[in-house]
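User: I should like to learn how to read the features of a structural model, one at a time. Could we begin with what counts as a touch between residues?

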There are 2 protein chains.
Amino acid sequence: MAPSGINNGRAAPGNPPSGSIPGRLASVYSELQGSRLDVSLPLPSVLRNSIDVVDGPPSSAAGNPGEIAKLFPNLFGQPSAILVTGSEAKAALDENLRIGVVLSGGQAPGGHNVISGIFDYLKDRTKGSTLYGFKGGPAGIMNCKYVELTKDFIYPYRNQGGFDMICSGRDKIETSEQFKQAAETAVKLNLDGLVVIGGDDSNTNACLLAENFRGNNVKTRVIGCPKTIDGDLKCKEVPTSFGFDTACKIYAEMIGNVMMDARSTGKYYHFVRLMGRAASHITLECALQTHPNITIIGEEVASKKDTLKNVTDYITNIICKRAELGYNYGVILIPEGLIDFIPEVQQLIAELNEILAHDVVDEAGMWKKKLRSQSQQLFEFLPEAIQEQLLLERDPHGNVQVAKIETEKMLIQMVETELETRRKTGSYNKQFKGQSHFFGYEGRCGLPSNFDSNYCYALGYAAGALVHSGKTGLISSVGNLGAPVAEWTVGGTALTSLMDVERRHGKFKPVIKKAMVELEGAPFKTFASLRDEWAIENRYVSPGPLQFSGPTANVSNHTLMLELGAQA
Amino acid sequence: MAPSGINNGRAAPGNPPSGSIPGRLASVYSELQGSRLDVSLPLPSVLRNSIDVVDGPPSSAAGNPGEIAKLFPNLFGQPSAILVTGSEAKAALDENLRIGVVLSGGQAPGGHNVISGIFDYLKDRTKGSTLYGFKGGPAGIMNCKYVELTKDFIYPYRNQGGFDMICSGRDKIETSEQFKQAAETAVKLNLDGLVVIGGDDSNTNACLLAENFRGNNVKTRVIGCPKTIDGDLKCKEVPTSFGFDTACKIYAEMIGNVMMDARSTGKYYHFVRLMGRAASHITLECALQTHPNITIIGEEVASKKDTLKNVTDYITNIICKRAELGYNYGVILIPEGLIDFIPEVQQLIAELNEILAHDVVDEAGMWKKKLRSQSQQLFEFLPEAIQEQLLLERDPHGNVQVAKIETEKMLIQMVETELETRRKTGSYNKQFKGQSHFFGYEGRCGLPSNFDSNYCYALGYAAGALVHSGKTGLISSVGNLGAPVAEWTVGGTALTSLMDVERRHGKFKPVIKKAMVELEGAPFKTFASLRDEWAIENRYVSPGPLQFSGPTANVSNHTLMLELGAQA
């Protein structure tokens, strides 16, 4: 029962080597952080003994294979790799590998474990190898800013949240000058491998870098690892991106708590905006975990070509129906990227950008006449605060900052207005009180769940094995995730096989297409089959705080399990 | 690894008696909620065997004993009760008690366990007793709206968050008409006892009700229980109010996650507003758990008679100092009630209320001349959005709605303005990006921590024993909370001994004074001795999600332990 962590500057309770924690020297650990440091993680059984690498069949591309083949002449068509237990123990201990690792893009719980996994592979399987961590994301590669990751350096970050071991960044390596800088670093450090931990964009760039290195006879092999809490980097061989599991559990804890509050208080509608600008996986997963009354899925809105008025009416109709049943409270989930899914909003914003770039916005509103009639109508339909935001909040290029629009507050106001209209016609006569929430930063740096801890460790360990076996241009792939860790499959998937092209500025650009919520997929269909009941009945589930031990420590997320074929 | 809770309408996994869950019939339980249902809670050893009740010395009042004696002629001076192990087993099993229970005011984790505790006392110690739950708070007593709380009714709420078993309300029983209604219910249901679970106001009213019942020969004894996440109902005999522990742990989890994000991203200042309108205990406890760079404690601001400009400068100075050290990120905690602690803001609002009630607010701003010069200056100092909020957002009585002011956003804007000024003088030249958060509803209805689960169960069990022993006008009191549960002390404290009087409308009104953060108390002094270091060094601690098992499941909150004399 002793309080902990108050003693300032006290070292972590998990007995870190005293005086030798360069990274988190200034940190004090909570009891829980400390208790996670020494947890020993299970490895898939194929990674426990001697490892052989077997090639799969040749690969193609997700689309336009002809163009992808042209863009990746050295890599296109290469087979995926499958790691299997070796036929006999090999004496590989004398190989000195030099590997660099970089974190790219937004934080996701588990990143530190990918790095631990690479390190432990090198420690277990090679001798005298060196792991470098590039600091601050891809810029660290280009500027050759790095730190050597030793056992003592890594230790304080094992199973910990955050990306602060080496930090991350959003720079990209994509121009020929940047490729040259990266190659200089690779040559200078004599790197055998580079592991890029990132999302769809970062893995696309990792593949371009692999192609570039191979084309220029730079020996450095490049391996990607699938990271993003948004869950939109996945395919058959890469069933999920790391961080999604933990982030959704953190958000679902908060949503569940708010639900219990809503039911107990009986007088608030909580509008909860959730991270996920491009895809609505987080919102869908949180809905499956908590059973809110209303959930808006961007992909469905787009597919039905819904207008903002449609979305408002959908919400308002359920609120009115619930009022008839005596429920004047509820919980509503909204994906952060909602308005990006609504065609008419996109159109309005495009027109506004054009007008604001060239015209004066006069007080009298004459400028509005330049909008097309549908856009003008939509603009007038928006709450005043949002109108102002559209006119005033501009990025350095003068464009409307869609990301700054607080969608949940906008919807509250639009629902209020619609309810006011219905009140006048007598079809609604209750109190409506909206409360807004945005759950975002809270989920990106939490302590990784047991699933993410294990998954990331396996991804990193596999990345080490892939570099060691001479592979390049693959993304570390761990599968069979519904089974116990021992039975997980491990390999590497050709990054070119995930690619399609997009035409930008008259040129074909390779892209790993974001995995959107599939309206025919099991997670959405399960949700869609239950949501009408959740709307009216109150089927609230409160998942509670993520547990690391006890009976619920290994409960997996619904999206993954449903996609793997679990029955709803 | 199986997903859970998707099957809609599935009963709780903890084997509740099927078809007999009237309260949460529509609920589906998460794995964790289910796993909590059947946890058997430890009782203090004095409650495990035959219980004797021993009287302490006569009591007085917290202030103005003469006036309190006049207001409570039947109760004043009564001794506190101490529960001790009985000298021999008594055959009390044949006593039929009829007890009512009510939840009053805002939600706090653990309320359901108080009710379970009362129920289990009756089941264990009496025979054929009945427990009634009044629905929707004190209004349920006045309107005689109740439900009989049976074993099956209570079961699905054991160790669960929320107040939805019988819900709560904010009505008060304070006029003679209301006392009469309450008495009618008490007589109609032939109640031996009534347990009021609430905060300072509710316990004051519980005591008035006890006085009124005794004065009018209504046999119903009234016992209070200390509830509020704000932590501002406490005294020597009642070391903490329930819910504070869980709520702070939930908020601290979120703050810790945001801190890891701040450190990993390196470019945001997160301004976190926390619940606690009257006292800053939650903010202080969260600071002790997480070590933010800046923490504003309302009581200190008030004691130093700080202005809003002082607070802004304090924050801005630290931001500039950190910028010099290369840190352009940080985490800042702000109590929800901050502006209530700033005298000049109170003055401005009072003047605004007066002006807005009688005058027209002209566009040209002539109305501002009616403000005193200090208030006029303050008004001009406020960000435009806050000025608008002050003028436009009015409650039904026409008053400015202070509670609606988003203090964290206001401070971000004021800091931005101050930094802009310093930028012009060359004393600051970095990027400042503020992110605002409000953690409130997320903490009130979480699954109660092991501490709150045990504490509430003991409070309820003790309340049952106090009613059984014929006591009235006491608040259930469980002490020695730093020791294992078995060694906790149990009793009841005379509610009149917590009271003082306030003069309102020319009359003395009894009040239980809110326990504010003591600037000479151990929690604040510990914080104050460390905050300068936390401001500059980054001593962030991430407490992580509340655990119910494993090595950290019984870590207690700092405020309680420091107040009990633990060494920092």
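Analyst: Two residues are in contact when heavy atoms lie within 4.5 Å. Please keep in mind that this is a predicted model. By that criterion, and not counting residues up to four places away in sequence, Gly460(A) touches Val114(A), Gly117(A) and Ile118(A).

User: Where is Gly460(A) found, and is Gly460(A) buried or exposed?

Analyst: Gly460(A) is part of helix α17 of chain A. Buried means under 20% relative accessible area, and Gly460(A), with a relative accessible area of 0%, is buried. Along the chain, Gly460(A) and Gly100(A) are 360 residues apart, while their C-alpha atoms are separated by 12 Å.

User: Which residues does Asn205(A) contact, leaving aside its neighbours within four places in sequence?

Analyst: Asn205(A) is in contact with Lys172(A), Ile173(A) and Glu174(A). Asn205(A) belongs to helix α7 (residues 200-215) of chain A and counts as buried, at 12% relative accessibility.

User: What does a residue in a strand look like when read this way?

Analyst: Val84(A) may serve, as a residue of strand β2 (residues 81-85) of chain A. Its relative accessibility is 28%, and Val84(A) therefore counts as partly exposed. Residues up to four places away in sequence being left out, Val84(A) touches Val46(A), Ser50(A), Ile51(A), Asp52(A) and Val54(A). With Val54(A), the separation is 30 residues along the chain and 7.1 Å between C-alpha atoms.

User: How does one read the faces of a helix?

Analyst: An α-helix has 3.6 residues a turn, so residues three or four places apart point the same way. In helix α6(B), the buried residues are Phe179(B), Ala182(B), Ala183(B), Thr185(B) and Ala186(B). Seen down the axis of α6(B), these buried residues fall within an arc of 160 degrees, so they line one face of the helix. Turned away from that buried side is a face carrying the exposed residues Val187(B) and Lys188(B).

User: What do the buried residues of α6(B) pack against, and what follows α6(B)?

Analyst: They pack against β4 (130-134), α4 (138-142) and α7 (200-215) of chain B. The helix is followed by Asn190(B), which has a positive phi, near 55 degrees.

User: How can the length of a helix be checked?

Analyst: One compares the expected span with the distance between the end C-alpha atoms. Helix α6 (residues 176-188) of chain B has 13 residues, which at 1.5 Å a residue should span 18 Å; the end C-alpha atoms are 18 Å apart, in agreement. For the 22 residues of helix α8 (residues 244-265) of chain A, the expected span is 32 Å, and the end C-alpha atoms are 31 Å apart, which agrees. Of the 22 residues of α8(A), 21 are buried, so this helix is largely enclosed by the rest of the structure. Just after α8(A), Gly266(A) has a positive phi of about 75 degrees.

User: How are pairs of aromatic rings described, and how many does a search of the whole structure find?

Analyst: A pair of aromatic rings is described by the distance of the centres and the angle of the planes. The search finds 30 aromatic pairs over all chains. In one of them, the rings of Phe451(A) and Tyr455(A) have centres 5.4 Å apart and planes at 20 degrees, so the pair is stacked. Both residues lie in helix α17 (residues 450-468) of chain A, 4 residues apart, about one turn of the helix, and both are buried.

The rings of Tyr121(B) and Tyr461(B), with centres 5.3 Å apart and planes at 85 degrees, form an edge-to-face pair. Tyr121(B) lies in helix α3 (residues 111-125) of chain B and Tyr461(B) in helix α17 (residues 450-468) of chain B, so the pair ties together parts that are 340 residues apart in sequence. Both Tyr121(B) and Tyr461(B) are buried. In chain A, ring pairs link Tyr121(A), Tyr457(A) and Tyr461(A) into a cluster.

User: Which charged residues lie over rings?

Analyst: Examples include Arg273(A), whose charged end sits over the ring of Phe438(A), 4.0 Å from its centre. Another is Arg503(A), which lies over the face of Phe508(A) at 4.6 Å from the ring centre.

User: How are chain A and chain B related?

Analyst: A turn of 180 degrees, with a shift of 0.0 Å along the axis, lays chain A on chain B with an RMSD of 0.0 Å. The two copies are thus related as by a two-fold rotation axis. Of the interface residues of chain A, 100% are also interface residues in chain B, so the copies meet through the same surface.

Technical notes
Residues numbered from 1 in each chain as written. Chains lettered and ligands numbered in written order. Predicted model: local features only at pLDDT ≥ 70, side-chain atom pairs only at ≥ 80, totals over all residues. Heavy atoms only, no water. Helix = DSSP H or I, 4+ residues; strand = E, 2+ residues; numbered from the N terminus. Expected span 1.5 Å × (residues − 1). Buried < 20%, exposed > 50% of the residue type's maximum accessible area, 1.4 Å probe, protein only. Arc of directions from axis to C-beta. Least-squares fit on C-alpha atoms with pLDDT ≥ 70 in both. Phe/Tyr/Trp six-rings, centres within 6.5 Å; stacked < 30°, edge-to-face > 60°. Lys NZ or Arg CZ within 6 Å of the ring centre and 35° of its normal.
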